[in-house]
Amino acid sequence: MKTAFTAHINSQYPFLEGKKILIACSGGLDSVVLTRMMHSFGYTISIAHCNFSLRGKESDADAEFVIQLAEDLEIICYTKTFDTKGYANEHGLSTQMAARDLRYQWFHELLDTHAYDYLLTAHHADDDLETFFINLSRGTGLRGLVGIPRKKERLLRPLLSFSREDIFKYAKQEQWYWREDSSNVKTEYMRNQLRHDVIPHLKKVDKNWIKNIQKTQQYLNQSLALVDDYMLLVYNLVVSEVEEGYSFDISKLQELPNTEAVLFELLYPFGFTDFESIAELIDSQTGKEVLSPTHRLLKNREVLLLAVLASDSHQQALTIPEGLTSLNSPLKLRFSEAKKYEVTNAHTAFIDKKSLVYPLLLRKWQQGDRFQPFGLKGKKKLSKFFKDEKLSLITKENTWVLCSENEIVWVVGMRLDDRYKVQQDTQHILRIDYTPNTI
């Protein structure tokens, strides 16, 4: 295996020469073999070990083993202990997903803090095969079947071409020691069921099973490349960037063959998985929406609007004292003195400063709000103003108003109240510039 691995590294990862490398090391067979081989080749490596506190003394013994390995190889070792179950409960995650999040968050912190060029993990061909079947059972589509990526930005997986059996035989030959994770033999997890009950039978049927799956994944990757090229054309045809985020033209989508598959590809990067509900959204009434963990997709007349989910902190009201020059959150506003009124756009307001009573209040609009739109006589409900302006639900939900003594001065980014406009006898003009956030 050493000869094959050397050839693999030289052909697929020649850029590692002279780089500073961090290796994720659990103390198990795969990561120990990767660490020892990269060390034997003379690469500049350090190792990082996560103690997830899930197996008591066994977890602590794993950490001690990795520390000793680093001492034997005379390399740097980073270790960190996590409250994995607490994190999982706090964020509503499974223990496995919580461990994954904690692991990669910390690894990337180490990369940035200590200026490592790359992170290496010891995923191998059997891991890739297990992931293939897990994704197949979950209906993840083409992207879930192409396999674990060999390279993703600074993350590299150089063992993916080698089976667990290859790695085990080499470790025994070299008389290397490693730690066995007792949780790997428990079959309550799908991955372990595949590892112990399913895949061994498939290998008995055909000893080339792994290689055949890898070949299939190569073909799937080529197909995915064609899909990506097609989606670039589709994106330019049906998607436009708007203030709320992205707008998808429904009529243009429906003109395309395989509309649902097109939507799957367009929305996949934003965390959407409930594609049955998304397909129904096309023919639903305005106002219906589908959520992903990070985004919302809203039907608004003849388009679908995609926007980032607002955090709770962005819903709070904020007082604006006199003399404030800028504000970055929840909105980006800049306050300045103006010598005269200028015709600009709705993102800039010129206000007669003497008409204001400080502190001002910046808040989200509320049902029942009324104001006197610039250039008109008499008040109008803000909800009626939104309807006349044909604003989407997302835009309405994210509309802020600037108030003076409970009276709306400015519907931010849209319309000034006529009572606060600059007059002929105005001596002091307040200029407010609003910069919209982008998705």
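In these legends a helix is a DSSP run of H or I with at least four residues, and helices are numbered from the N terminus. The model shown is predicted.

**Figure 1. Four residues form a negative patch on the surface.**
The patch consists of E260, D274, E276 and E280. One of these residues, E280, belongs to helix α12, which covers residues 275-281. The relative accessible area of E280 is 48%, so this residue counts as partly exposed.

**Figure 2. Six strands make up an open sheet.**
Across the sheet the strands follow the order β3-β2-β1-β4-β6-β5, and their pairing is mixed. At the edges stand β3 (77-81) and β5 (151-152), each of which pairs on one side only. Within the sheet, strand β1 (residues 20-24) runs parallel to strand β2 (residues 44-51), and five bridges link the two. As a point of reference in this view, K20 has T44 of β2 opposite to it.

**Figure 3. Helix α11 is largely enclosed by the rest of the structure.**
Which residues of α11 are buried? They are T259, V262, L263, F264, E265, L266 and L267. Helix α11 spans residues 259-267, and because seven of its nine residues are buried, the helix is largely enclosed by the rest of the structure. For orientation along any such helix, an α-helix has 3.6 residues a turn, so residues three or four places apart point the same way.

**Figure 4. Strand β22 pairs with β14 and with β15.**
The strands β14 and β22 run antiparallel and are joined by seven bridges. Between β15 and β22 the pairing is also antiparallel, with five bridges. Residue I429 of β22 appears in both pairings: I429 is the bridge partner of A338, and I429 also stands opposite D352. Strand β22 covers residues 429-435, and six of its seven residues are buried, so the strand is largely enclosed by the rest of the structure.

**Figure 5. Y341, V343 and F374 form a nonpolar surface patch.**
Together these three residues have about 330 Å² of accessible area. Where is Y341 found? Y341 is in the loop between β14 (332-338) and β15 (348-352). With a relative accessibility of 43%, Y341 counts as partly exposed.

**Figure 6. A salt bridge joins E322 and K353.**
Side chains of opposite charge can pair when their charged atoms come close. Here the side chains of E322 and K353 meet, with a distance of 4.0 Å from N to O. E322 is located in the loop between β12 (318-320) and β13 (326-327), whereas K353 is located in the loop between β15 and β16 (360-364), so the pair ties together parts that are 31 residues apart in sequence. Are the two partners buried or exposed? E322 is exposed, its relative accessible area being 54%. K353 is buried, with a value of 19%; the cut-off for a buried residue is under 20% relative accessible area.

**Figure 7. Two further salt bridges are shown, D369 with R363 and E407 with R419.**
In the D369 and R363 pair, the closest N and O atoms are 3.0 Å apart, and both residues are buried. In the E407 and R419 pair, the closest N and O atoms are 3.1 Å apart. E407 belongs to strand β20 (residues 407-411) and R419 to the loop between β21 (415-416) and β22, so this pair ties together parts that are twelve residues apart in sequence. Both members of this second pair are partly exposed, with relative accessible areas of 27% for E407 and 32% for R419.

**Figure 8. Five residues are joined into one network of salt bridges.**
The residues in the network are D126, D127, E130, R164 and K203. Their salt bridges share partners, and this sharing links the five residues. How many salt bridges are found in the whole structure? A search of the whole structure gives 25.

**Figure 9. T35 is a buried residue of helix α2.**
Helix α2 extends over residues 29-40 and includes T35. The relative accessible area of T35 is 0%, so T35 counts as buried. T35 and A70 lie 35 residues apart along the chain, and 9.4 Å separates their C-alpha atoms.

Terms used: Residues are numbered from 1 along each chain as its sequence is written. This is a predicted model: local features need pLDDT of at least 70, side-chain atom pairs count only at pLDDT 80 or more; totals for chains, interfaces and linings use all residues. Side-chain values use heavy atoms; hydrogens and water are left out. Patches are made of residues with over 30% relative accessible area and no salt bridge: like charges are joined within 9 Å, nonpolar side chains (Val, Leu, Ile, Met, Phe, Trp, Tyr) within 5 Å. Accessible areas come from the Shrake-Rupley method with a 1.4 Å probe; for residues, only the protein chains shown count as cover. Lys and Arg count as positive and Asp and Glu as negative; His and the chain ends are not counted. The place of a charge is taken as NZ of Lys, CZ of Arg, CG of Asp or CD of Glu. Buried means under 20% relative accessible area, exposed over 50%, partly exposed in between (1.4 Å probe, protein chains only). Two strands pair if DSSP finds at least two bridges between them.
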